[in-house]
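Work through the following exercises with the model open in a viewer. Each task is followed by a solution in steps.

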Amino acid sequence: MNGAKTAQPWLLPLMAVLLVAGAVGVWWWLKHSVPEQVPKDIELSKQAASRAGELEGQNRFREAQVAYRQAIAFAPEDHWRLHLGLAGTAAQISVENTTRAGISQPYSRSSVESVAAMRESLGEFDRAERLADTPQALAMVHAARAETYLRWGQMWQALGFFQAAARADTSDHARAERVAELVALMQHPENALTSGEGMRRTEALISTP
């Protein structure tokens with residue numbers, strides 16, 4: 001024997017089969033990974049947006065999330081209000097609670113799901129901000145984002161966006177007052193805990209404009 005190993009007769013056919021299978025797998029993945037094109041239809045977009053608003057009013061945020069996504073997909077042109085609506089809905093989902101066995105607990109099945117909703121919310125706020133076409137629209141986006149940060153317990157971020165909202169629309173004196181109220185609460189947090197007036201001010205800060 002010369003020590004060299006003779007190639008197995010089944011090796012080449014096996015390699016050929018594997019190559020063909022790999023090529024078929026790549027073709028299938030490319031074919032099915034391309035999302036279907038959604039037809040653009042302004043009426044369908046309006047209907048989905050209206051449905052989303054109704055579901056939000058009923059605190060059915062997960063269904064509203066789907067409806068807002070549909071409204072965005074159908075819209076012939078991106079509009080900041082649709083992205084703002086989806087941002088707010090995703091934010092609600094991130095902190096949504098439910099009652100199980102008599103105990104209030106997060107509705108999300110895991111922290112991963114909650115974080116995913118937060119990431120979607122922030123991404124949609126970014127899109128709404130880029131699409132805002134008037135100072136008033138930009139102020140609304142900033143204010144809504146500030147309120148979301150308040151719900152998440154991130155006071156400094158909330159303050160920054162309340163200030164941005166006040167700068168974007170200087171005609172809205174209520175937003176300037178909100179900035180002052182939030183600064184006062186941050187400087188003296190004990191007032192929010194011991195004073196009924198402080199609690200009412202806090203509720204005013206996180207209420208929808």
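A crossing is left-handed if the near helix is turned anticlockwise from the far one by less than a right angle, and right-handed if clockwise. Helices (H or I, at least four residues) and strands (E, at least two) are DSSP runs, numbered from the N terminus. The model is predicted: local features need pLDDT of at least 70, side-chain atom pairs count only at pLDDT 80 or more, and totals for chains, interfaces and linings use all residues. Residues are numbered from 1 along each chain as its sequence is written, and side-chain values use heavy atoms, with hydrogens and water left out.

**Exercise 1. Describe the protein chain as a whole.**

Step 1. Count the elements: the protein chain has ten helices and two strands.

Step 2. Put them in sequence order, which gives α-α-α-α-β-β-α-α-α-α-α-α.

Step 3. Turn to burial, where buried means under 20% relative accessible area, exposed over 50%, and partly exposed in between (1.4 Å probe, protein chains only). Of the 209 residues in the protein chain, 31% are buried.

Step 4. Take the accessible surface, computed by the Shrake-Rupley method with a 1.4 Å probe. The total for the protein chain is about 13,600 Å², and carbon and sulfur atoms account for 59% of that.

Step 5. Look at contacts, meaning heavy atoms within 4.5 Å. Among contacts between residues at least 6 apart in sequence, 54% join residues at least 24 apart.

**Exercise 2. Determine how helix 4 packs on helix 5, and which residues make the contact.**

Step 1. Locate the two elements: helix 4 covers residues 80-95 and helix 5 covers residues 111-131.

Step 2. Fit the axes, which are lines through C-alpha atoms, for helices over the stretch in contact, with angles running from 0 to 180 degrees between N-to-C directions. The axes of helix 4 and helix 5 are 8 Å apart, at an angle of about 160°.

Step 3. Classify the angle: under 35 degrees is roughly parallel, over 145 roughly antiparallel, 65 to 115 roughly perpendicular, and the rest oblique. Helix 4 and helix 5 are therefore roughly antiparallel, and their crossing is left-handed.

Step 4. List the contact. Helix 4 contributes Trp 80, His 83, Leu 84, Leu 86, Ala 87, Ala 90, Ala 91, Ile 93 and Ser 94, while helix 5 contributes Ser 114, Ala 117, Met 118, Glu 120, Ser 121, Glu 124, Phe 125, Arg 127, Ala 128 and Leu 131.

Step 5. Sort by class: Ala, Val, Leu, Ile, Met, Phe, Trp, Tyr, Cys and Pro count as nonpolar, Asp, Glu, Lys and Arg as charged, and the others, Gly among them, as polar. The contact of helix 4 with helix 5 has twelve nonpolar, four polar and three charged residues.

**Exercise 3. Repeat the analysis for helix 3 against helix 4, then place Gln 65.**

Step 1. Helix 3 spans residues 61-74, and its axis comes within 9 Å of that of helix 4, crossing at roughly 155°. That angle makes helix 3 roughly antiparallel to helix 4.

Step 2. The crossing of helix 3 with helix 4 is left-handed.

Step 3. Among the residues that meet are Phe 61, Ala 64 and Tyr 68 in helix 3, and Leu 82, Leu 86 and Ile 93 in helix 4. By class, the contact holds nine nonpolar, five polar and two charged residues.

Step 4. Gln 65 sits in helix 3 and is buried, at 11% relative accessible area. Beyond its neighbours within four places in sequence, Gln 65 touches Leu 86, Thr 89, Ala 90, Ile 93 and Glu 120.

**Exercise 4. Examine helix 2 against helix 3, and two loop residues.**

Step 1. Helix 2 and helix 3 pack with axes 8 Å apart at about 160°, which makes helix 2 roughly antiparallel to helix 3. Helix 2 passes helix 3 in a left-handed crossing.

Step 2. Their contact divides into twelve nonpolar, three polar and three charged residues.

Step 3. Asn 59 lies in the loop between helix 2 (42-57) and helix 3, and is exposed at 52% relative accessibility. Most residues other than glycine have a negative phi. Phi of Asn 59 is positive, near 60°.

Step 4. Pro 39 is in the loop between helix 1 (11-33) and helix 2, exposed at 54%. Pro 39 and Phe 74 are 35 residues apart in sequence, yet 6.3 Å apart in space, C-alpha to C-alpha.
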